[in-house]
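Dear colleague,

I am passing on a structure that I would like you to look over when you have time. Below it you will find notes on its internal cavities and on one stretch of paired strands.

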Amino acid sequence: MIFEMHRVASSGSNGGSVRARKEKKLTYVLNDANDTQHCAGINCLDVLKSSVSGDQSFLFTGSRDGTLKRWAFDEEAPFCSATFESHVDWVNDAALAGDSTLVSCSSDTTVKTWDSLSDGVCTRTLRQHSDYVTCLAVAAQNSNVVASGGLGGEVFIWDIEAALSPVMKANDSMEDSSSNGANGIGNSQPVASLRNVGSSNNISVQSSPSHGYAPTIAKGHKESVYALAMNDTGTTLVSGGTEKVLRVWDPRTGSKSMKLRGHTDNVRVLLLDSTGRFCLSGSSDSMIRLWDLGQQRCLHTYAVHTDSVWALACTPSFTHVYSGGRDQSLYLTDLATRESVLLCTKEHPIQQLALQDDSIWVATTDSSVERWPAEVQSPQKVFQRGGSFLAGNLSFNRARVSLEGLNPPPTYKEPSMTIPGSHPIVQHEILNNKRQILTKDAADSVKLWNITKGVVVEDYGKISFEEKKEELFEMVSIPSWFTVDTRLGCLSVHLETPQCFSAEMYSADLKVSGRPEDDKINLARETLKGLMGHWLAKKKHKPKPQASASGDILSVKDTKKNLTASKAKTAFPSVSPPSIITEGSQGGPWRKKITEFTGTEDDKDFPLWSLDAVLNNRLPPRENTKLSFFLHPCEGSNVQVVTLGKLSAPRILRVHKVTNYVVEKMVLDSPLDSLAIDGASVSGGPQPLFAGNGLLPSGSKPWQKLRPSIEILCNNQVLAPEMSLATVRVYIWKKPEDLILNYRVAIAR
């Protein structure tokens, strides 16, 4: 098939119009072989042992990979019994409220509640924060009260029971969190709508039947909040952050009780005793402070760490504190005697601690979690092992001791249990073919991914990333149709319209069987069909008319036809499937595994442009799909001029198609017996050049029997037949002006 080349028009309108609204982006997150493991640092953890779960204990972890996981223990061996997936950014904190409610907060600015004993059911998404939500606090004996704080300087106090109760949705601006839950987009769960809290000085904001539930707001922070703590009954709340002070609140009204000064840097972690009288704080100034809220003063300072204190856990009697932080060390300190002992050292900064029986779980910036002996019931036993020191009250004293090498050896060398994680990706490179990405993880393992199929093509092991990148270099030019980041520890591929539809390839180049070799395949559309294949399969069994982006109705027959068309070479794996992060016309962003779609999702959930591409095979108007060029005989060559003026062709057109064009023009525009090699004389006089022996089946066109051997050049360089015009322009022509190609009869070599 000869590809038609079009002359470039002298002028004209683009005929398109700019969309007035911002189109929603669609992201898909690729999982490695084992998605039962976290693939990024663990920011938080909590332990559940309740009457609801019987004697079974569960550990909950929240990660920078955006998910939470529930870990059960089978004969002491941990296994992942559920993944809670709905947040679209880092999970920063998680806490258990009552017997079965898990509360989490994230850099996606949301607070979410979950049925902790389910398979991952998100019961509500609460959207009130204006920035990253960094911390939570719960009341142990009042499971309805939960506080959240974040980088926006906001502290909200939630009545979880009221927030979860069904209310009528007042208007479209309110949050329909049922469309964001892991339990199914567009489900029929009741909606907890939130209204914006105004700038009024009235602190306590009550529920309103017409507006839905709104939390109590504690106003006073001018800067970011990093730490919260609440007493058991929910009558005292303490907050801290970059202002270096502790603020104490009555969470029932949101009114301020006091402000405590003493730390010289950010307050990163807080603990309250069960009564709410005593408070422990850890700071980036490396100090731990014990406060008496009744006396409104600091009782003691403890110089235990040599760097920021990020995590604290206290014995039930509030007599001993376990502490960890940026110095990668876990200490146990007697609050009364100031005696301190180094329990263990880690390879990564410690993010959070959780006590379980006589052990302590340690979360770090690594994706693994470890349990260490702690003697929680009788902490004095640890000091009897020796190696303790007296915690000073000035941070530089502790730092000096550390520098002088006088640190005692750790009490424990090995953890009693490890829950391994997979290594996060730390380096990546999009290859020139724009379908493969080379990655290196934290263990220096190098892998090659095909992002149009969501799989690892090659696992090279521990080799040089740079050398492999050079080895895989291809001289091809394909438009950048996606962006990628590794913020979640894995590959997140972002598609935005119309840019994502800019890359096309011929089916022959993609080795797609059963389609004509000149079929153009849009990489983004095929990838979307692969990602939404499970959704289409479910949709096929739900015969409902589907409105497209342009208002057309897609019939069930069309859906089945498109499903068949997408059966793909682009099918994504069902084992460790990728997740989609996106938002539709209502609600906020959501995240869900592609295998968990119900088929009921529509434009309220998915961006309209993605539905139009998958269901209707319609793509938005695109620019730069064509490339302009001139085609001239080589200087000094006697071959005829086959065209005048500028030509235009698809950017992906291969050089051998240009060759065919030249041959056809030369043969059809000339007497068939006059074609010679540049007019040069050969044995027996000028001879026509034939393709092969010139013996073609009867009925062939005359020009097909007389096929001269032509080669195409650019910048005096003979071009390989498989090169695309775009590749020639980028790697051979290298100029902003229109591409110039030359042709000549092939020189015998």
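By a cavity I mean a set of grid points where a 1.4 Å probe fits but cannot get out. Please keep in mind that this is a predicted model. With that meaning of the word, a search of the whole structure turned up 2 cavities of 30 Å³ or more, and the largest cavity holds about 60 Å³ of space. Its lining is made up of Pro 479, Ser 502, Ala 503, Glu 504, Asn 624, Thr 625, Pro 650, Arg 651 and Ile 652, and these lining residues divide into 4 nonpolar, 3 polar and 2 charged.

The other region to look at is strand β5, which spans residues 67-74 and is mostly covered, with 7 of its 8 residues buried. Strand β5 pairs with a strand on either side of it in sequence. Strand β4 (residues 57-63) runs antiparallel to β5 and is joined to it by 4 bridges, with Phe 60 standing opposite Arg 70 of β5. The hairpin of β4 and β5 has 3 residues between the strands, and Gly 66 in this hairpin takes a positive phi near 90 degrees.

Strand β6 (residues 77-85) is likewise antiparallel to β5, and here 8 bridges join the two; Asp 74 stands opposite Ala 77 in β6. In the hairpin of β5 and β6, where 2 residues lie between the strands, Glu 75 takes a positive phi near 50 degrees.

With best wishes

Technical notes
Residues are numbered from 1 along each chain as its sequence is written. This is a predicted model: local features need pLDDT of at least 70, side-chain atom pairs count only at pLDDT 80 or more; totals for chains, interfaces and linings use all residues. Side-chain values use heavy atoms; hydrogens and water are left out. On a 1 Å grid over the protein atoms alone, a cavity is a set of points where a 1.4 Å probe fits but cannot get out, and a pocket is an open set with protein on both sides within 12 Å along at least five of seven lines; lining residues have an atom within 4 Å of a point. Grid points are joined across faces, edges and corners, and a volume is the space filled by probe spheres set on the points. Ala, Val, Leu, Ile, Met, Phe, Trp, Tyr, Cys and Pro count as nonpolar, Asp, Glu, Lys and Arg as charged, and the others, Gly among them, as polar. Buried means under 20% relative accessible area, exposed over 50%, partly exposed in between (1.4 Å probe, protein chains only). Two strands pair if DSSP finds at least two bridges between them.
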